[in-house]
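This briefing covers a ligand site, strand pairing and one helix in a single protein model. Please look at the sequence and the structure before reading on.

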Amino acid sequence: MALLEVSNLKTYFTTLEGTVQAVDDVSFELDKGTAMGLAGESGCGKTTAALSIMRLLPSNGYIKQGSITFDGKNIVKMNPVKLRRTRWKEMSIVFQGAMNALNPVKRVGDQIVEPILLHEKVTEATARKRTKELFELVGISPDRIDDYPHEFSGGMRQRVMIAMALACWPKLIIADEPTTALDVMIQAQIIRLLKNLQKELDLALIMISHDLSVLAETCEFLCIMYAGKIVEKGSSVHIFKHPRHPYTRGLVAAFPNIKGEKFMPEPIPGNPPNLIHPPIGCRFSDRCKYKQQICDQKEPPLFEFEPGHYVACHLVQKGVI
Ligand code: SF4
């Protein structure tokens with residue numbers, strides 16, 4: 001059985017304009033010790049899917065339908081007490097923008113000691129010892145546990161966030177755009193660190209990013225999300241080399257490849273649809289150069305294009321593109 005099973009998940013937000021169908025019928029599985037990437041533009045639903053798994057949705061968000069099973073436990077129906085125990089201890093999240101996630105008036109070490117003491121029956125001395133070990137694990141000198149967040153650089157703060165996510169040795173870590181706002185060199189270090197920790201600690205990892213090349217490097221599997229739906233999923237190497245869905249092709253073409261052939265990155269024209277009134281047919285149709293009549297009439301199902309590789313596109317299904 002997979003460590004995490006998300007089935008037909010629908011997560012909606014109530015707004016003054018109407019109900020936003022932010023995640024709509026999303027399913028995927030993740031095994032122990034495996035890394036999966038969730039990719040797509042801003043607003044495609046990847047962070048909402050992650051917050052649904054953690055049950056950390058804002059007050060206007062709710063899980064309308066579907067199931068989330070983690071280590072055999074039903075997360076959707078879990079009561080708040082059990083949920084608090086499961087977060088940190090069994091699954092945790094690294095948010096983007098470490099300065100916002102860390103409390104600026106508290107020493108960083110104390111912010112890691114706190115969840116350890118909350119979730120485990122250990123003394124403060126043991127929790128501090130573990131915090132020092134975690135600092136070493138993420139490449140920060142243990143002598144710095146009594147420093148404040150502003151005394152660290154952006155990359156170091158993100159390392160602190162990773163140490164915090166590991167505080168209770170969870171089985172699953174979700175990293176939501178963990179390298180946003182960091183320069184390219186530091187981004188590469190953080191990505192490498194996450195990948196090494198994932199292998200070393202046999203963690204399941206969900207990495208969220210709009211940058212496909214980062215995900216192809218880090219994750220075995222990829223789910224490409226567009227307007228709340230998964231439009232393509234499968235092995236990351238395969239998808240990156242042979243993207244099938246027109247949106248995935250657009251994402252791949254939108255990033256320069258410094259190792260491969262030279263080409264000019266091409267942005268995807270247009271904007272995603274309004275998810276208060278999503279289109280009946282394919283949600284990508286307004287931006288798709290291959291669009292045919294059927295695309296606006298019927299929603300394309302996610303079909304198995306080849307073993308383990310799924311695509312939601314009428315024309316791929318018909319073998320036209
Ligand atoms: Fe384009 Fe049609 Fe495929 Fe949607 S279903 S991606 S509009 S070709």
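The points below are grouped by topic.

The model is predicted. The ligand sits in the largest cavity. An open sheet of eight strands is present, with mixed pairing, and helix H1 is largely enclosed by the rest of the structure.

**Ligand site**

- Ten named residues line up in sequence order around the ligand as follows: His245, Pro246, Cys282, Ser285, Cys288, Tyr290, Cys295, Cys313, His314 and Leu315.
- By class, seven residues of this shell are nonpolar and three are polar, while none is charged.
- The place that holds the ligand is the largest cavity.

**The eight-strand sheet**

- The strand order is E6-E7-E8-E3-E9-E10-E12-E11 in an open sheet whose pairing is mixed.
- Strand E6 (91-94) and strand E11 (303-306) are at the edges; each has a single partner strand, so one side of each has no neighbour in the sheet.
- On average, neighbouring strands of this sheet are turned by 20° against each other, with direction ignored.
- Within the sheet, strand E3 (residues 35-39) and strand E8 (residues 204-209) run parallel and are joined by five bridges.
- In that pair, Ala39 stands opposite Ser209 in E8.
- Strands of a sheet pair through backbone hydrogen bonds, in either the parallel or the antiparallel sense.

**Strands E1, E4 and E5**

- Strand E1 (residues 4-14) pairs with strand E4 (residues 61-70) over eight bridges, in the antiparallel sense.
- Ser7 stands opposite Ser67, which belongs to E4.
- E4 is also joined to strand E5 (residues 73-74), by two bridges, and these strands run antiparallel.
- Thr69 faces Asn74 of E5 as its opposite residue.
- The hairpin of E4 and E5 has two residues between the strands, and Asp71 in this hairpin takes a positive phi near 50°.

**Helix H1**

- How many of the nine residues of helix H1 (residues 46-54) are buried? Eight of them are, so the helix is largely enclosed by the rest of the structure.
- Buried here means under 20% relative accessible area, computed on the protein chains only.
- The buried residues are Lys46, Thr48, Ala49, Ala50, Leu51, Ser52, Ile53 and Met54. Lys46 is thus listed among the buried residues of H1.
- Arg55 comes just after H1 and takes a positive phi of about 55°.

Definitions and conventions
Residues numbered from 1 in each chain as written. Predicted model: local features only at pLDDT ≥ 70, side-chain atom pairs only at ≥ 80, totals over all residues. Heavy atoms only, no water. Near = heavy atom within 4 Å. 1 Å grid on protein atoms, 1.4 Å probe; cavity = no way out; pocket = protein on both sides within 12 Å on 5 of 7 lines; lining within 4 Å. Sits in = over half its atoms within 2 Å of the grid points. Nonpolar A, V, L, I, M, F, W, Y, C, P; charged D, E, K, R; others polar. Pairing = 2+ DSSP bridges. Helix = DSSP H or I, 4+ residues; strand = E, 2+ residues; numbered from the N terminus. Buried < 20%, exposed > 50% of the residue type's maximum accessible area, 1.4 Å probe, protein only. Axes fitted to C-alpha atoms, helices over the stretch in contact; angles between N-to-C directions.
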